[in-house]
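This report is a guided reading of a single molecular structure for a reader who is new to the subject. Please keep the sequence and the three-dimensional view at hand while reading.

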Amino acid sequence: MEKRTIATIFVFAIVAVFFFFGILLLHPFGHPGDAQMDDYMIVHTQNETGTNNGVTSIVFDYRGFDTLGEATILFSAVAGVMMLFRRVKK
Amino acid sequence: MMEMTKIVKTVANILFPLTLIFGLYIVAHGHLTPGGGFQGGAVVASGCALLLVAYGSQWVFTRIKEKRLATFESLGAISFITIALLGLVFSMVFFGNFLAGSTLLFGTTPATGSTLADFNTGGVLPLMNFAVSVKVIAGLFVIVAVIAYASSIKEWDQ
């Protein structure tokens, strides 16, 4: 066998071992964990954010930082497309 | 992409305003009903993609320049971060909801439990929905339009 094939098999074995132990450490399916945070949001959403839509209040208020990252992804996608096709309009 | 037949153009003419109204409705009621800035913006951008399919990218780029769309995308991002920083100024928290509970715009607090939807609620959430929708409409439309224009060119320089 070539050295390259042996190296590929070696790397795949290491990745497979990491995946296997990661799956073993997963939370058991169907048994939800602690729910203090969820209960707090469900109870206090209407008082604190003044919104009837709990999902939007979480996306834009409680977890606004995640939305900022999402917006950054779209911004970098547009920047990449504009940079790739910048010579098209000549 | 070449422009398509008269049938496709007529159907696009009928469907485009309806798609626009539905997407803007989802954006405007983002703090009351399911949906929000991202989803409504994606609906409006798909309506613009319908126009792009029916009429061709050359026709679209004689109407609007892609630099202008990119400017709108950046404006949406800047206003989104500006509202977040205003929260840092007025309520000491990044992304703080400084308008909720005040007497200003969108300041009403609904009663706890299931209530009738009041449009004048939500604090900064409607403003953020609007900023994100401008960003998503311009961003998705400029991606689709520029790629369609690039694929319509027959000969490249090199």
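The text that follows takes up the contact between chains, then the helices of chain A, and then several single residues.

**The contact between the chains**

The structure is a predicted model. Where the two chains meet, chain B contributes 36 residues and chain A contributes 25 residues. On the side of chain B that touches chain A, α4 (66-91) and α5 (125-152) of chain B each supply at least two residues. The most is given by α5(B), with twelve residues. By class, this side of chain B consists of 20 nonpolar, 14 polar and two charged residues.

**Helices α1 and α2 of chain A**

The table sets out the spans of two helices in chain A.

| Helix | Residues | Number of residues | Reach, first to last C-alpha | Expected at 1.5 Å a residue |
|---|---|---|---|---|
| α1(A) | 3-24 | 22 residues | 32 Å | 32 Å |
| α2(A) | 36-49 | 14 residues | 18 Å | 20 Å |

The reach of α1(A) is close to the expected value, and that of α2(A) is likewise close to the expected 20 Å. Helix α1(A) is hardly covered, for the count of buried residues among its 22 residues is zero. In α2(A), by contrast, T45(A), Q46(A) and T49(A) are buried. What covers these buried residues of α2(A)? The cover includes α3 of chain A and also α5 of chain B. The latter helix, α5(B), has already appeared as the one that gives the most to the side of chain B that touches chain A.

Helix α2(A) also has a kink of about 45°, which is centred on V43(A). Just after this helix, G50(A) takes a positive phi of about 65°.

**How α2 and α3 of chain A meet**

How are α2(A) and α3(A) placed relative to each other? The axes of α2(A) and α3(A), the latter comprising residues 54-62, come within 10 Å and cross at roughly 70°. The two helices are therefore roughly perpendicular to each other, because angles of 65 to 115 degrees are counted in that class. From α2(A), the residues M41(A), I42(A), T45(A) and T49(A) take part in the contact, and they meet G54(A), S57(A), I58(A), D61(A) and Y62(A) of α3(A). This contact has four nonpolar, four polar and one charged residues. Both T45(A) and T49(A), named here, are among the buried residues of α2(A).

**Three single residues**

Is G40(B) buried or exposed? This residue is found in helix α2 (residues 37-55) of chain B. Since 25 other C-beta atoms lie within 10 Å, G40(B) is buried; the class requires 20 or more. Leaving aside neighbours within four places in sequence, the contacts of G40(B) are G23(B), L24(B), I26(B), V27(B), G30(B), G35(B) and S133(B). One of these, L24(B), is 16 residues away from G40(B) along the chain, and their C-alpha atoms are separated by 6.2 Å.

P34(B) lies in the loop between α1 (6-28) and α2 of chain B. With 11 other C-beta atoms within 10 Å, P34(B) is exposed. P34(B) and E73(B) are 39 residues apart in sequence, and their C-alpha atoms are 24 Å apart in space.

In chain A, D66(A) is found in helix α4 (residues 64-84). D66(A) counts as exposed, because it has 12 C-beta neighbours inside 10 Å and the class takes in residues with 12 or fewer. The C-alpha atoms of D66(A) and A77(A), eleven residues apart along the chain, are separated by 17 Å.

Key
Residues numbered from 1 in each chain as written. Chains lettered and ligands numbered in written order. Predicted model: local features only at pLDDT ≥ 70, side-chain atom pairs only at ≥ 80, totals over all residues. Contact = placed C-beta atoms within 7 Å. Helix = DSSP H or I, 4+ residues; strand = E, 2+ residues; numbered from the N terminus. Nonpolar A, V, L, I, M, F, W, Y, C, P; charged D, E, K, R; others polar. Axes fitted to C-alpha atoms, helices over the stretch in contact; angles between N-to-C directions. Parallel < 35°, antiparallel > 145°, perpendicular 65-115°, else oblique. Expected span 1.5 Å × (residues − 1). Bend = angle between axes of the 7 residues up to and from the residue.
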